[in-house]
Amino acid sequence: MATLKAMEVDNIDFLIERMGQDCSPNQYLRELTQNSIEAVQRTGRPDGHIVWDHYITADGVRKLCIVDNGDGMTGLEM
């Protein structure tokens with residue numbers, strides 16, 4: 001019987017960029033929001049929250065961040 005190995009990627013940034021090209025322009029917003037909703041729901045907490053925030057760096061780069069109080073991810077899941 002063959003043993004299955006986890007898929008490995010040398011350049012994860014390339015993979016993420018490539019996968020992003022297959023999605024609609026704002027799909028990542030939906031995915032990040034849905035991931036946060038599910039993470040909060042898994043905790044069963046009645047006080048779950050999701051916060052979107054943004055800022056512009058000194059050199060003009062726009063940054064977007066989503067934070068929740070869900071159950072998080074292990075290093076392996078990431």
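# Reading a predicted model, one feature at a time

Q: What is the volume of the largest pocket in this predicted model?

A: Here's the general idea: rolling a probe the size of a water molecule over the atoms shows where empty space is left. In this structure, the largest pocket comes out at about 950 Å³. It has 24 lining residues, and those closest to its centre are Ile 16, Tyr 28, Glu 31, Leu 32 and Asn 35.

Q: Which elements give two or more residues to that lining?

A: Look for helix H1 (12-20), helix H2 (27-43) and E2. H2 provides the largest share, with 9 residues.

Q: While we're on H2, is Gln 41 buried or exposed?

A: To be called exposed, a residue needs over 50% relative accessible area. Gln 41, which sits in helix H2, has 57%, so Gln 41 is exposed. Try finding Asp 71 too: its C-alpha atom is 8.7 Å from that of Gln 41, although the two residues are 30 apart along the chain.

Q: How do I read the strands? How many bridges join E1 to E2?

A: Check the pairing and the direction. Strand E1 (residues 50-56) is joined to E2 by 7 bridges, and the two run antiparallel. For one pair to look at, take Ile 50, whose bridge partner in E2 is Asp 68. The two strands make a hairpin with 5 residues between them. In the turn you'll meet Gly 60, with a positive phi of about 90°.

Q: And what comes after strand E2? Where does Asn 69 lie?

A: Asn 69 is in the segment that follows strand E2 (62-68). Its relative accessible area is 13%, so Asn 69 counts as buried, the cut-off for that being under 20%.

Q: Which residues does Asn 69 touch, leaving aside those up to four places away in sequence?

A: Its contacts are Val 40, Thr 43, Arg 45, Asp 47, Gly 48 and His 49. Now zoom in on the polar atoms of the Asn 69 side chain. One lies 2.9 Å from the backbone nitrogen of His 49. There's also a distance of 3.4 Å between a polar atom of this side chain and the backbone oxygen of Asp 47.

Q: Last one: how many disulfides does a search of the whole structure find?

A: A disulfide is a covalent bond between the sulfur atoms of two cysteines. The search here turns up 0 disulfides.

Q: Then how exposed are Cys 23 and Cys 65?

A: Cys 23 is partly exposed because its relative accessibility is 41%. Cys 65 has 37%, so Cys 65 is partly exposed as well.

Conventions. Residues numbered from 1 in each chain as written. Predicted model: local features only at pLDDT ≥ 70, side-chain atom pairs only at ≥ 80, totals over all residues. Heavy atoms only, no water. Disulfide = S-S within 2.5 Å. Buried < 20%, exposed > 50% of the residue type's maximum accessible area, 1.4 Å probe, protein only. Helix = DSSP H or I, 4+ residues; strand = E, 2+ residues; numbered from the N terminus. Polar contact = N/O pair within 3.5 Å; in protein donor to acceptor, adjacent residues only side chain to side chain. Contact = heavy atoms within 4.5 Å. Pairing = 2+ DSSP bridges. 1 Å grid on protein atoms, 1.4 Å probe; cavity = no way out; pocket = protein on both sides within 12 Å on 5 of 7 lines; lining within 4 Å. Points joined across faces, edges and corners; volume = space filled by probe spheres on them.
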